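Please go through the model below, beginning with its charged contacts and ending with its pocket.

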Amino acid sequence: GEETLFLLKLKQHERGFYYHPNLKVAHFRRTKISIILRSTFYAGFYRSRTMRLKLKGSHGMFWLPAIFVLLHGLFFLDDLVFLYFTRMYLSIILFVSLSLAMRVKKISLFPMIAFLHYFIVFIYGTGILAERLRWKK
C-alpha cells in the first residue's frame, strides 16, 4: 500500500517512474506473526486509502476482505445465515490451502496455511474498514 501511495505522489509531482522487465523485488521476510499481522493491517488500510483518494471506482473484489470481516457480525443477527456463509468461505480457504501445501509438496503445512489465511484476510479487511471509518494513522 505505501509503495502505491509513493508512486501516486511521484505522478502528482510529474516525476517519472519506470519498470524494467528484469527488475527483481526482494521483500523482507517477517519472522514474527505480530509483525505479519501488523503489516497486513496496514496493507489493507493503505490500499483502501489509495482507492478512496485516487480512483474513481473500485472493483467488487476489493471489498471481499471487508465483507468477510462484516460477515462475523451476522453471528449476532442470524446465526444460521452466518453459518451458511462461513461454511462457503471456509471451504474455499480449505481447498486453496490444500492446493498451496500440495504445490510445495509439504502437506503438513496445510493446517497452518488455512489458519493464517483466515486471520490474514480478516486483518486485511479490518484495515480496509478502519481506513473507511477514517481511523487515523
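Glutamate 131 and arginine 132 form a salt bridge, with 3.6 Å between the closest N and O atoms. In this predicted model, a search of the whole structure finds 1 salt bridge. The two partners differ in how they are covered: glutamate 131 has a relative accessibility of 1% and therefore counts as buried, while arginine 132, at 25%, counts as partly exposed. The limit that matters here is 20% relative accessible area, under which a residue is called buried.

The setting of this pair is a helical protein, with 6 helices and 0 strands. Read from the N terminus, the order of elements is α-α-α-α-α-α. The C-alpha trace spans about 50 × 40 × 25 Å along its principal axes. Of the 137 residues in the protein, 22% are buried.

Two loop residues stand out by their backbone angles. Glutamate 14 is not a glycine, yet it has a positive phi of about 55°. Glutamate 14 sits in the loop that joins helix H1 (2-12) to helix H2 (33-54). With a relative accessibility of 74%, glutamate 14 counts as exposed. The other residue is lysine 105, whose phi is also positive, near 60°, again in a residue other than glycine. Lysine 105 belongs to the loop between H5 and H6. Its relative accessibility of 76% places lysine 105 among the exposed residues, because exposed means over 50% relative accessible area.

Helix H5 also holds a residue at the other end of the accessibility scale. Isoleucine 93 is found in helix H5, and its relative accessible area of 2% makes it buried. Between the C-alpha atoms of isoleucine 93 and phenylalanine 68 the separation is 12 Å, and the two residues are 25 positions apart along the chain.

Phenylalanine 68 leads on to the pocket. Which residues lie nearest the centre of the second largest pocket? They are Leu64, Phe68, Leu71, Tyr89 and Ile92, out of 14 residues that line the second largest pocket. Two or more lining residues come from each of helix H3 (64-71), helix H5 (79-103) and helix H6 (110-132). H5 makes the largest contribution to this lining, with 6 residues. The space in the second largest pocket is about 300 Å³. How many residues of its lining are nonpolar, polar and charged? The lining of the second largest pocket has 13 nonpolar residues, 1 polar residue and no charged residues.

Leucine 64 ties the pocket to the surface. Leucine 64 lies in helix H3 and is one of the residues nearest the centre of the second largest pocket. Leucine 64 also takes part, together with Met61 and Ile67, in a nonpolar surface patch of about 300 Å². Why can leucine 64 belong to such a patch? Leucine 64 has a relative accessible area of 45% and is partly exposed, and patches are made of residues with over 30% relative accessible area, so leucine 64 passes that limit.

In short, leucine 64 has a place both in the lining of the second largest pocket and in the nonpolar patch with Met61 and Ile67. Helix H5 gives the most residues to that lining and also carries the buried isoleucine 93.

Methods. Residues are numbered from 1 along each chain as its sequence is written. This is a predicted model: local features need pLDDT of at least 70, side-chain atom pairs count only at pLDDT 80 or more; totals for chains, interfaces and linings use all residues. Side-chain values use heavy atoms; hydrogens and water are left out. On a 1 Å grid over the protein atoms alone, a cavity is a set of points where a 1.4 Å probe fits but cannot get out, and a pocket is an open set with protein on both sides within 12 Å along at least five of seven lines; lining residues have an atom within 4 Å of a point. Grid points are joined across faces, edges and corners, and a volume is the space filled by probe spheres set on the points. Helices (H or I, at least four residues) and strands (E, at least two) are DSSP runs, numbered from the N terminus. Ala, Val, Leu, Ile, Met, Phe, Trp, Tyr, Cys and Pro count as nonpolar, Asp, Glu, Lys and Arg as charged, and the others, Gly among them, as polar. A salt bridge is a side-chain nitrogen of Lys or Arg within 4 Å of a carboxyl oxygen of Asp or Glu. Buried means under 20% relative accessible area, exposed over 50%, partly exposed in between (1.4 Å probe, protein chains only). Patches are made of residues with over 30% relative accessible area and no salt bridge: like charges are joined within 9 Å, nonpolar side chains (Val, Leu, Ile, Met, Phe, Trp, Tyr) within 5 Å. Accessible areas come from the Shrake-Rupley method with a 1.4 Å probe; for residues, only the protein chains shown count as cover.
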